[in-house]
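Here are my notes after going through the model, in the order I'd look at things on screen. Have the viewer open while you read.

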Amino acid sequence: MKKFRKVLDGLTTSSPGGTMGSPSCGSAAGTPTAAPTPKEIDVQETLVSENFQLCKTVRHGFPYQPTALAFDPVQKILAIGSRSGGVRILGRPGVDCYCQHESGAAVLQLQFLVNEGALVTACADDTLHLWNLRQRRPAVLHSLKFNRERITFCHLPFQSKWLYVGTERGNTHIVNIESFILSGYVIMWNKAIELSTKTHPGPVVHLSDSPKDEGKLLIGFESGTIVQWDLRVKKADFRIYYDEAIHSVGWHHEGKQFMCSHSDGSLTMWNLRNTTKPFQVTFPHGKIQKDGRKESCKPILKVEYKTCRNSEPFIIFSGGLSYDKAGRRPTLTIMHGKAITVLEMDYPIVEFMALCETPYNNEVQEPYAVVVLLEKDLIVVDLTQSNFPVFENPYPMDIHESPVTCTAYFAECPPDIIPILYSIGAKHKKTGYSQKEWPIAGGTWTLGSHTYPEIIITGHADGSIKFWDASAITLQMLYKLKTSKAFEKPKQGEGRAAELVEEDPFAVQMVSWCPQSRIFCVVGISAHIILYRFSKYDANTQIVSLEVRLQCESEDVISPSENENNPCFTESSSHSPQPHQQHPPSPGSRTPEGIKDSIPCLKVKDRMVRVPPGYQAELVIQLLWVDGEPPQQITSLDVNSAYGLLAFGNCNGLAVVDYMQKTILLCVSTLDLYGAADPYQRLTRSPRRNRQSTSGLTELSDNQQSIDMERSKSPTSDHVNGHCTSPTSQPCSAGKPRVPMGPEGPRLTRRGPGRPPFRKAQSAACMEISLPVSHTEESRENSFSRSRSSSVSSIDRDTKEAITTLQFGESYGRKTDAVPTPCLWVGTSLGVVLLIPMSIPTDQEERMEEPVTIGPSGAVLMLKGSVLRFSFLDCMGALLQSPYEVWRDPNAPEDPDRPRKRKLVHFSPSSSQDTCGDGHLAVVCSERQAKVFLLPSQSCLFVHNITESSFVLRADVVSVSNSVCLACFCANGHVMTLSLPSLRPLMDINYLPLTDMRIARTFCFTNGGQALYLSSPTEIQRITYSQEMCDNLQEMLGELFTPIETPEAQNRGFLKGFFGGNANTFDREELFGEAAAGKASRSLAQHIPGQGGMEGMKVAASGVVGDLARARIALDERGQRLGELEERTALMMTSAETFSKHAHELMLKCKDKKWYQF
């Protein structure tokens, strides 16, 4: 445990009338009014590097680009393979495991070793892998790499240790599953077909053993050739040559007939008694046309033929529709007797599989469900009911229902928030699901002891918001909110907005949520903000709309003096019964075109609407078009329920809204925020050609001077009732009439010549993100373009200084402040930090009547790179939360005896620190560095340059192991943690080799040492950087394997056994073993031992199953040793008796002899 002490002097500052001090680090500038008083910061930091370790915890969502499917009918677990080499294994809710092949090759096929706790995967790089599932994190035990053959199909008979592997050349190899060594037994394609055949039969597309006789292997070739191979005598029983290509084969359980699906949309039935031609050919979806010919159909890609004990067999297949019906959705057809049911799917079918009661292929199958793997969904159909309903999926497979555009992660939420969200969300659930339990119910999972309430929020391209319960490493949807319901549906070709806003005008860019007050804010791509309040009651409400003109003016400004004479602003909606109204043109808008374009992108509903319980829209804020220019997208947002204020900014400026009084308090350009405290020397604010691009600190003047005095003549003064609304002069008031202004800076062209005015909202999977621009052309080409982690939109280099982060909190706006007051911390893309103090009425009635006063800018601090995050600590190093209002239901019935009052919770910096006096610490993190300042003196205590070669995408101050640290995620894939307040590096791990745009946009940290990001367009990956959670992870994960007795095979009866062949006498070991078949060619395949051998056994040994297995093995070994000991003892006793007998006989024989007789 280290102690960091810093003696600070100069706590008192210059006189209030003086100019702002230098923003450079060090003690406070200026001439002290009194002798400096030494103060000591004594923070005992408890975090050390041993508290941190990075590991993946769990992956949620639908497997991206799935390719294969398998099911263990005894363990009842499902495996899904993907194109990127991933394998998801699913059981009962809570049993969800993700594995990844190191090669990243696509998974072609999956085969469970039924009830053995193992899985074989065949990958596109022609490698077979054996996974051990008897541990919570599966690992590869063996791999076999084929060098000269390409794997096309695999088949593993039930309770067999020999895997049949078909190849592209038409050969069939046999692999021992236990040793993963290739047998010398090979079925060559030229032996399988007749010698007279002139053409190659094509790749092997099907392998299966006959249900009647395991010694007969059915081989299907792509060309239409089918061969039944007798494994004992090594020759073909029969060969079928069919005109149409084969896609799949399904056996009748008696082994006397089988069915094939073909490329012409037909199904053929074959009887083993007569294989010259099929005894039945059907085109299930092919109708006879007028000319008597069958209409052409699409291929039937797979068929399953499953028998039932008390009804007709099920024939289930995918595809086979006629070509003439264009635009029809993919289908799964279920034929049961004469009934044909066609199930239309939303996405193409990748694979399907019938789930049967028995694992034996020679028994009546009794299918009870069919699992359908689609490109973007997983569906299970109930076959036991005639209408074939689907089961309700317990896994979160619909995260991507609309593309995810933003994420937020909240740990340690109030415990009551999850039940209330679930109860309201449950009312809107879909109905019509099967009443039976979810059939994929394998594995075991228990709620661990290390759980706490967690919520994940996802924003989507269609404007929807989803709240997910993420407690205990599971994910369950709680509540869905549609933000588009606050707006009228845009009509085709209606106005300028409809022309330019593309297909996702409601896409969510950012969310801000206070779990304590339940205030929720959404920022959308159409430069709109919606503020929601939570209520358990439905209500009739009218949404208040505010319009903000945070944009360049319609004319070029010739000189500062002209701008002074023609102040340009637009009045926003006043607090009136008409929440949405048309405003008169601003005095600065001289052209009629400019007046027409003073419109928002979307139209808010201007009538009373009935809203259901849950989150109810109260206020919509929209930025306006100006002179044909669309509003710039919002880059930062913060809302505070205790203050009743909402602040947002973009690359044009900053606006502060009083959402209780529904008024705009401040609307000012970024430049006008500084007043005389601007740390940069800037050129005259005329159009773009007169101002240098300011993309990095090296391009700015090092001389920290304020700009010309003309800057003090801001166009934002004297707008409302004679009060100044610029923070560069005296404190201002919004005025009683509450008609706040929208002051504008001079015109700056905001778009490049070729940039479209509004771009389509994209998902986080492919959203354009721009990252910081380097100072050399070479590095600029090799880097991402410029971005903000707090923003979802690009900020072009030529759009000047953007507001990148905002934070309300109790702080010291000026060095002379004796007590903390409400402040707004503002961070910009140029690394500047501004403090704006505010005066907020405390009485509830006054708060609704009296205006909130915003003072002039206070402190100016500087960092390298764009500012990303603010956080506050007291002088003991404890995290200071922003004040909040305790939630109360806005629609609850009034109680006359107990009038409802606002209950505010404040965390004052001075309340918990009598020992170190007043003041608090401010942690500020930018793209390049982190600094810790002491307030009110504004002294920089600690500085740490986080990265030189890259830049920080996301930074958060989080709690870990009963302390706090600064967690950072860099664009080069590094995850770092720094101690607070000393900024010592605690962890720096190169987690991702290359960060793509989707991860950059969705990565977020939360308390408890957890983080998440969108690992694919459909999946959320959760990780932990806490050693404690890594240690407890085994306990939190589910067990994939549970010891279950394999069901016994049915008694076949005497006659069936007598006449049905000698299937039970087939010994594969005798045929395929090295003694009989010899060794396979070494060059054909290479055995690679897996990493999961001993390591996996150690992990498994930590579980209950492992303990039982170890105990059983130990008992067996002990019993064996005791038995051996007993045998040895008996042997020794026998030997002793024999020796005694021989000795006695010898003594009698020699007793009477003299010595000389010997």
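1. Which backbone nitrogen does a side-chain oxygen of Ser1026 reach at the start of α10? That of Glu1028: the oxygen comes to within 3.3 Å of the nitrogen. Bear in mind here, and in everything below, that this is a predicted model.

2. Staying with α10, the helix covers residues 1027–1036, and its buried residues are Met1029, Cys1030, Asn1032, Leu1033 and Met1036. What do these buried residues pack against? They pack against β5 (52–61), β65 and β66 (1019–1026).

3. Strand β65 (residues 1010–1016) is worth a second look, since it also carries Tyr1013. That tyrosine forms an edge-to-face aromatic pair with Tyr991, with 6.0 Å from centre to centre and 70 degrees between the planes. The pair links distant parts of the chain, as Tyr991 lies in the loop between β63 (985–990) and α9 (997–1002), 22 residues from Tyr1013. Are the two tyrosines buried or exposed? Tyr991 has 16% relative accessibility, so Tyr991 counts as buried. Tyr1013 has 3%, so Tyr1013 counts as buried too.

4. The loop with Tyr991 follows β63, and β63 belongs to an open sheet of four strands. The order is β60-β61-β62-β63, with antiparallel pairing. At the edges stand β60 (952–960) and β63, each pairing on one side only. Ignoring direction, neighbouring strands in this sheet are turned by 15 degrees against each other on average. For a closer view, take β62 (residues 974–979) and β63, which run antiparallel and are joined by five bridges. One residue pair to click on is Thr977 with its bridge partner in β63, Met987.

5. There is another open sheet of four strands, with the order β22-β23-β24-β25 and antiparallel pairing. Why does one side of β22 and of β25 lack a neighbour in the sheet? Both β22 (246–251) and β25 (280–282) stand at the edges and have a single partner strand each, so one side of each is left open in the sheet. From one strand to the next, the twist averages 20 degrees. Strand β22 runs antiparallel to β23 (residues 257–262), and five bridges join them. Val249 has Cys260 in β23 as its bridge partner.

6. Now for β39 (residues 528–535), where eight of eight residues are buried. Both faces are covered. On one side the buried residues are His528, Ile530, Tyr532 and Phe534, and on the other Ile529, Leu531, Arg533 and Ser535. Note that Arg533 and His528 are on that buried list along with the aliphatic and aromatic side chains.

7. Which strands pair with β39? One is β38 (residues 519–524), antiparallel over five bridges, with Val522 standing opposite Ile530. The hairpin of β38 and β39 has three residues between the strands, and there Ala527 takes a positive phi near 55 degrees. Another is β43 (residues 614–623), also antiparallel, joined to β39 by eight bridges. In β43, Gln622 is the bridge partner of His528.

8. The aromatics tie in with this. The structure holds 28 aromatic pairs. In one of them, the ring centres of Phe534 and Tyr615 are 5.1 Å apart and the planes are at 70 degrees, so the pair is edge-to-face. Phe534 is in β39 and Tyr615 in β43, 81 residues apart, and the pair links distant parts of the chain. With 1% relative accessibility, Phe534 counts as buried; Tyr615, at 5%, counts as buried as well.

9. Those two rings are also part of one aromatic cluster, which is made up of Phe410, Phe467, Tyr479, Trp513, Phe520, Tyr532, Phe534, Tyr615 and Trp887. Which residue lies over the face of Trp887? That is Arg518, at 3.9 Å from the ring centre. Elsewhere on your list, check Lys302: its charged end sits over the ring of Phe352, 5.2 Å from the centre.

Methods: Residues numbered from 1 in each chain as written. Predicted model: local features only at pLDDT ≥ 70, side-chain atom pairs only at ≥ 80, totals over all residues. Heavy atoms only, no water. Pairing = 2+ DSSP bridges. Helix = DSSP H or I, 4+ residues; strand = E, 2+ residues; numbered from the N terminus. Axes fitted to C-alpha atoms, helices over the stretch in contact; angles between N-to-C directions. Buried < 20%, exposed > 50% of the residue type's maximum accessible area, 1.4 Å probe, protein only. Phe/Tyr/Trp six-rings, centres within 6.5 Å; stacked < 30°, edge-to-face > 60°. Lys NZ or Arg CZ within 6 Å of the ring centre and 35° of its normal. Contact = heavy atoms within 4.5 Å. Polar contact = N/O pair within 3.5 Å; in protein donor to acceptor, adjacent residues only side chain to side chain.
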